[in-house]
Amino acid sequence: MQDAARPRTKIEVCNLTKRFGELLVLDDISFSVAEGEFVAIVGPTGCGKTTFLNALSCLLPASGGQILIDGTPANPKRHNISYVFQEPTCLPWRTVRENVAYGMEVKGRPQKEIDERLDHILDLVGLTQCANLYPNQISASMQQRIAVSRAFAVDPDLLLMDEPYGQLDVKLRFYLEDELVNLWRKLQSTVLFITHNIEEAVYVSERILVLSNKPTRIKAEVRVDLPRPRDFMDPEFVRIREHVTDLIRWW
Amino acid sequence: MTAYREVVVRTPLALKILPILSVATFFIAWEIVVRTGVVPDTMLAAPTTVTQLLFDKFTNIDPDGALLYEHAWVSIQEAFCGYFLALAVGLPLGLAMGWFNVAEGLARPIFEIIRPIPPVAWIPLTIFWFGIGLPGKIFIIWLGGLVPCVINAYVGVKMTNPTLIQMARTYGASDWQIFKQLCIPSALPMVFGALQIALACCWTNLVAAELLAADAGLGFMITMGRRLAMPEMVVLGMFMVGLTGAFIGVIIDRVEKRLLAGIRR
Ligand SMILES: Nc1ncnc2c1ncn2[C@@H]1O[C@H](COP(=O)(O)OP(=O)(O)OP(=O)(O)O)[C@@H](O)[C@H]1O
Ligand SMILES: [Mg+2]
């Protein structure tokens, strides 16, 4: 494991608070994420997981507190933040390849670098075959893989994922989770992965943050020090999964 | 990609014969009604009289001062000038209004004031300003075509999927990048819709403008028919307006298909 020499802190969230009028959704949340870490966040439906990511990505202004990336306040124009949304976000008028390139184009990377990285990433996720198809010619799961590839392609400081595989069937989800872990290990990004599937959280992450009901706080933190590839049947895996399940059930 | 098997739908016999029968009956009844004097020929011309005039107008400039195709050509020229000017101004304006708050804040109120005034109501003013020549009519047609261009482009931009905009924002895209890369492509189907609607508007307003202020054109021909008490000329003018309008519609339809095919693979 990489634990021996834990790398430096990459993201620091200090006293993050978010209110919608009277409704307090995020209540004074603080935590930090190390460089290259894969953190999963689980919590009950409607507890504010999406709101949390929106605040982290600066799509929503926070009501209080701050988010630091490498010690400076998060700013999408300065930092490389990637966000994979709950719903597919392919641009229908761009091919698969052009879609994956979108983030890099926005950031004004040189064309040569874009091409090299595209070849690399499309190869990693096995999308080379359909690189020239349009989103309406491929399945919904492939569209989500495009979004994931696009997110990794910009070499993000922070990669936010909001239940990207929520709608998919179990078998495909396992496959994509493997792919995700694979991408993360090869490209060494820092990932915050939201899900309400506990098994998924234990399978992919190094650390799990368990959120409470609204007003939302971090109720518990669970380390997942299992070797990869992980096995769902492994007793240790099952123990962690049940532990997290208990934490969520125990209001 | 997928090869669809072509489904052969046979037209029922009734739908093949009845249309012909109905059209024939219509013209024959019209002919009889005029010939027998049920409707006096000062009020309506028989189809045969109109056809006669049609052939006559191919070679004879009297009594309205121009050949038939010259009238049609004047009208087409005016319509297209106004149309393209409407596209050139309306589409960028509508697109900008849909995305940039400054553009919407400045242009929207003025647009909303002008929009409910039918372009025809501008005719007297335009006669003061431009006389009855080409520029005045182009102005009227331009006004008519402008409205659907602005509205469609505006609505098209407003319909951009907000999640796509959020996605672009998280990558740090600027307002201009989002406008160019997301809003305009999203608005394209609505913009193409505007091409057809605006043309129809232009054509309608053109005829209205020519009825009131012109010295040539199909609308002018209709007015001349009235002044000279020649119902056959009025009817011929009406038919030509319909025919030319349909013809232009077909052309635009073709162009649109080409453009769409070029843009969406
Ligand atoms: N723009 C908004 N205005 C007012 N209230 C909002 C807004 N967005 C979210 N909320 C409220 O904040 C709470 C959290 O919403 P959020 O979408 O973040 O939940 P979630 O944890 O992502 O749920 P899910 O698991 O269903 O995705 C909800 O109670 C919702 O009603
Ligand atoms: Mg959500």
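User: Before we start, how do the accessible areas here come about, and what is the accessible surface of chain A?

Analyst: Accessible areas come from the Shrake-Rupley method with a 1.4 Å probe. This is a predicted model. Carbon and sulfur atoms hold 50% of the accessible surface of chain A, and the total comes to about 10,900 Å².

User: How many disulfides turn up over all chains?

Analyst: A pair of cysteine sulfur atoms has to be within 2.5 Å to count. For A:C14, the closest cysteine sulfur sits in A:C58 at 14 Å, so that's too far for a bond. A:C47 is in no disulfide either, with the sulfur of A:C58 as its nearest at 20 Å. Searching the whole structure gives a count of 0.

User: Is A:C47 buried or exposed?

Analyst: The cut-off for buried is under 20% relative accessible area. A:C47 comes in at 0% relative accessibility, so it counts as buried.

User: What radius of gyration does chain A have, and how does that fit the globule rule?

Analyst: Chain A is built with 7 helices and 10 strands. For its 251 residues the globule rule gives 18 Å, and the chain comes close to that, so it is as compact as a globular protein of that length. Its C-alpha trace spans about 50 × 40 × 40 Å along the principal axes. The radius of gyration is 18 Å.

User: What share of the residues in chain A is buried?

Analyst: Among contacts with a separation of 6 or more, 71% join residues 24 or more positions apart. Of the 251 residues in chain A, the buried share is 56%.

User: How far apart are the centres of the positive and negative side chains?

Analyst: Chain A carries 30 positive side chains and 34 negative ones. The centres of those two sets are separated by 3 Å.

Note on methods:
Residues are numbered from 1 along each chain as its sequence is written. Chains are lettered from A and ligands numbered from 1 in the order in which they are written. This is a predicted model: local features need pLDDT of at least 70, side-chain atom pairs count only at pLDDT 80 or more; totals for chains, interfaces and linings use all residues. Side-chain values use heavy atoms; hydrogens and water are left out. Buried means under 20% relative accessible area, exposed over 50%, partly exposed in between (1.4 Å probe, protein chains only). Helices (H or I, at least four residues) and strands (E, at least two) are DSSP runs, numbered from the N terminus. The radius of gyration is taken over C-alpha atoms; the globule rule is 2.2 Å times the number of residues to the power 0.38. Contact means heavy atoms within 4.5 Å. Lys and Arg count as positive and Asp and Glu as negative; His and the chain ends are not counted. The place of a charge is taken as NZ of Lys, CZ of Arg, CG of Asp or CD of Glu.
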